[in-house]
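Biologist: Thanks for making time to look at this one with me. Could you walk me through it, one question at a time?

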Amino acid sequence: MKIVSKSIELSGRTLTLEVGRLAGQATSALLARYGDTVVLSTVVVGNEDLKKDYFPLMVEYQERLYAGGRIKGSRWVKREGRPTEAETLSARLIDRSIRPLFPKNFRREVQVVVTVLATDVSNDPDVLGIIATSAALAVSPIPWSGPVGAVRVGMTDGELVINPTNGNRSGVDLDLVVTSTLELINMIEAGARQVPEDRILAALTTGHTANKEIIVFINSLVAEIGREKLPLIASDPAPGITAEVTKLARPLLEEYITHAADHEGEPLENIIAQISQKIEDKDKNYIPAILEDLLGQIIRENILTKKQRPDSRKLDQIRPLDTQVAVLPRVHGSAIFQRGQTQVLSVATLGAPSLSQSLESAEGEDTKRFMLHYNFPPYSTGEVGRMGSPSRREIGHGALAERSLAPVIPDEQAFPYAIRVVSEITSSNGSTSMASACGCTLSLMDAGVPILAPVAGISIGLITPDTYPKKTDSYTLLTDILGMEDHHGGMDFKVAGTETGVTAIQLDVKVPGLTLDICKETLARARTARLEILKTLLKVLPQTRPQLSPFAPKISTVQIPVDKIGELIGPGGKIIRKLMAETETVIDVRDDGSVFVSGLNQEGMNKALAWISSLGKEVIPGEIYEGTVARIQPFGAFVNILPGKDGLVHVSQMNAGFVSDPRQIVNEGDKVKVWVTEIDSQGRINLSMLFDTEGQPVAKARETMPSPRPHSGGSFRGPRPRRRF
């Protein structure tokens, strides 16, 4: 194969696109490199499948551990397994960037596989995967209205930066990915630390401008090696059938729309059955598609011309809100948030830092202490369905809600807990991810988590004519869209945030894209709705509960010298395991000497904290300790006074009188009061048990052993010197 390679400079680094080196049997394959990050994007088109009433697009994103020079940490499994959550989210990012630009009547299977081959940590492979896939589709024979460009926009000291080297790492003020064509924005994914809307719009503008340069670059590659596009096979029914079905179905669908907004009335399947009785058998297969198109057309006409929504709300009106907190016993925090028919049960659980999630990727290992999981069972839409591992949709919606709340979670120093929130979708009719953000805010506050500010979210929809105008001069925005409005509308623009600013954004479109003016208007509409929802949330729980649930573990922290960590852990973890068993606590030790002690028993926690705190203490002569007799020798007893520190109480220091056997005074395991008489030149600690009637130390000269006589031919009769250990 002929190898064609082109490069440009993008944000101070070289972006290279290359065709012809790898995957020669794929329909299209492209190797992309940015810095030292390399991804391979392959596209394969299958045969026409007219039986499907949807476009069968599959996008897979796989990250090889060898890309970062790593071998899987598991002892038993060394190869990559099922996609990680991060891989699933990256696949969705690419899918949402390219899907809107395929022809509506294209029914051939298309599979996109993006493989991360090398990563330099500084340059993120997910955005590079969007660019590589865009270029691979553009040069392929697959019909597609691209190319698109994609960049990550960050914020450093208030300044916007294209493709920052910190990428989507934690702690940044803004992490925004924007995908766009030359004219329109068709995908946004963002996380922010309460960034105002005007800065978000500035970031979108900056990203859109940078994307134009990428698109021009891809088009230069298309001009050199692009192939002729496949013809589209017309599969539409004859005009006569469409007109006949439309005449029969319109009054039924208008009635259906009135009741379907609340999932009441006659199901759509019954309408299909009624129409089928009046249509010839050879044309019956076209009825569902005709009715689907007609239903969307009626909804759009009502909204655009009559300003009439399916449930008769105003265009900017939120559905009725209902909120409850502390709805479940024994759990650490719980809440119900309901908006119209969308209902979410949120439950918060607190745990020790050791319960944080460990993450492994080609870029290294990390931990995540705040986790939000989203469950969408079939009964939430009144359907029968398969239950199993979370779907890609569930992973994506949970990640969006998690991203919405992550900026307001207190840092570990202020609140040293691992936090897991579960969002159970008990009823769904539009924007469950934003309902999850609202419900999880309440459950966290109910659990006593001191969040920085409450978060609310809303989804804004877009209604346009059936033929989407390039200048987007005819459209209507809808606040708090229903499932029906989402399905037949042009976009689902989700915005979450606090009173101060935005914390997360996710944009999905079914139209070619949005202008910056639409984005600006949507952000303003979302802010108004968000503030209204926040007022409702704060009515039921004005502030975070001052006390944690009695069923939540208590956690305290203590700092010890780094060189004392080994003494705390002990050989093979013997000491720390024994301490946890004796005090009924969980103890986590960090490399910097931070120690987290958690448990339900405050007495046990206090005991563990006192023991750990004493690790860094130096023994000083004259100090008094409450110690434990560790072992007994003929010449005295060794008493443990601090972790890893034993001292000797000589028999002469056990009692004012003569003591012939230490066991007359103490036994192993006894608690005894001692004071430090001296620390000798070898660092050995000498103790005494002698105190006066007022509990003050009493000094007594230690009885010395007779010196051995010089050996003069006879046997040595004096006592042998005793050896100390």
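What follows is a short round of questions and answers on a predicted model.

Biologist: Happy to start with the sheet. Which strands stand at the edges of the sheet of 8 strands?

Modeller: The sheet is open, and its strands pair antiparallel in the order S8-S7-S9-S10-S21-S20-S18-S19. Each edge strand has a single partner, so one side of it is left without a neighbour in the sheet. The strands in that position are S8 (159-162) and S19 (476-479).

Biologist: And what does the twist average from one strand to the next?

Modeller: We are still with the open sheet of 8 strands, whose pairing is antiparallel. From one strand to the next, its twist averages 20°.

Biologist: Let's zoom in on S20 and S21. Which residue stands opposite Phe-493?

Modeller: Strand S20 covers residues 491-497 and strand S21 covers residues 502-509. The two run antiparallel and are joined by 7 bridges. Opposite Phe-493, in S21, stands Leu-507.

Biologist: Nice. Now the helices: at about what angle does H7 run to S21?

Modeller: Helix H7 is made of residues 392-405. It lies across S9, S10, S20 and S21. Its angle to S21 is about 150°.

Biologist: Then how do H5 and H6 cross: roughly parallel, roughly perpendicular or oblique?

Modeller: The axes of helix H5 (residues 268-276) and H6 come within 10 Å and cross at roughly 120°. Roughly perpendicular ends at 115 degrees and roughly antiparallel starts over 145. The crossing falls between those cut-offs, so H5 is to H6 oblique.

Biologist: How many residues of the contact of H5 with H6 are nonpolar?

Modeller: On the H5 side, the contact is made by Leu-268, Ile-271, Ile-272, Ile-275 and Ser-276. H6 brings Ile-287, Pro-288, Leu-291 and Glu-292. With 1 polar and 1 charged residue in the contact, the number of nonpolar ones is 7.

Biologist: One last residue, please. Is Leu-304 buried, partly exposed or exposed?

Modeller: Leu-304 lies in helix H6 (residues 287-306). It touches Ile-463, Thr-464, Pro-465, Tyr-475 and Thr-476, leaving aside residues up to four places away in sequence. Buried requires under 20% relative accessible area and exposed over 50%. Leu-304 has 23% relative accessibility, so it counts as partly exposed.

Biologist: And how many Å apart in space are Leu-304 and Pro-56?

Modeller: In sequence, 248 residues separate Leu-304 from Pro-56. In space, C-alpha to C-alpha, the distance between Leu-304 and Pro-56 is 31 Å.

Methods:
Residues numbered from 1 in each chain as written. Predicted model: local features only at pLDDT ≥ 70, side-chain atom pairs only at ≥ 80, totals over all residues. Heavy atoms only, no water. Helix = DSSP H or I, 4+ residues; strand = E, 2+ residues; numbered from the N terminus. Buried < 20%, exposed > 50% of the residue type's maximum accessible area, 1.4 Å probe, protein only. Contact = heavy atoms within 4.5 Å. Pairing = 2+ DSSP bridges. Axes fitted to C-alpha atoms, helices over the stretch in contact; angles between N-to-C directions. Parallel < 35°, antiparallel > 145°, perpendicular 65-115°, else oblique. Nonpolar A, V, L, I, M, F, W, Y, C, P; charged D, E, K, R; others polar.
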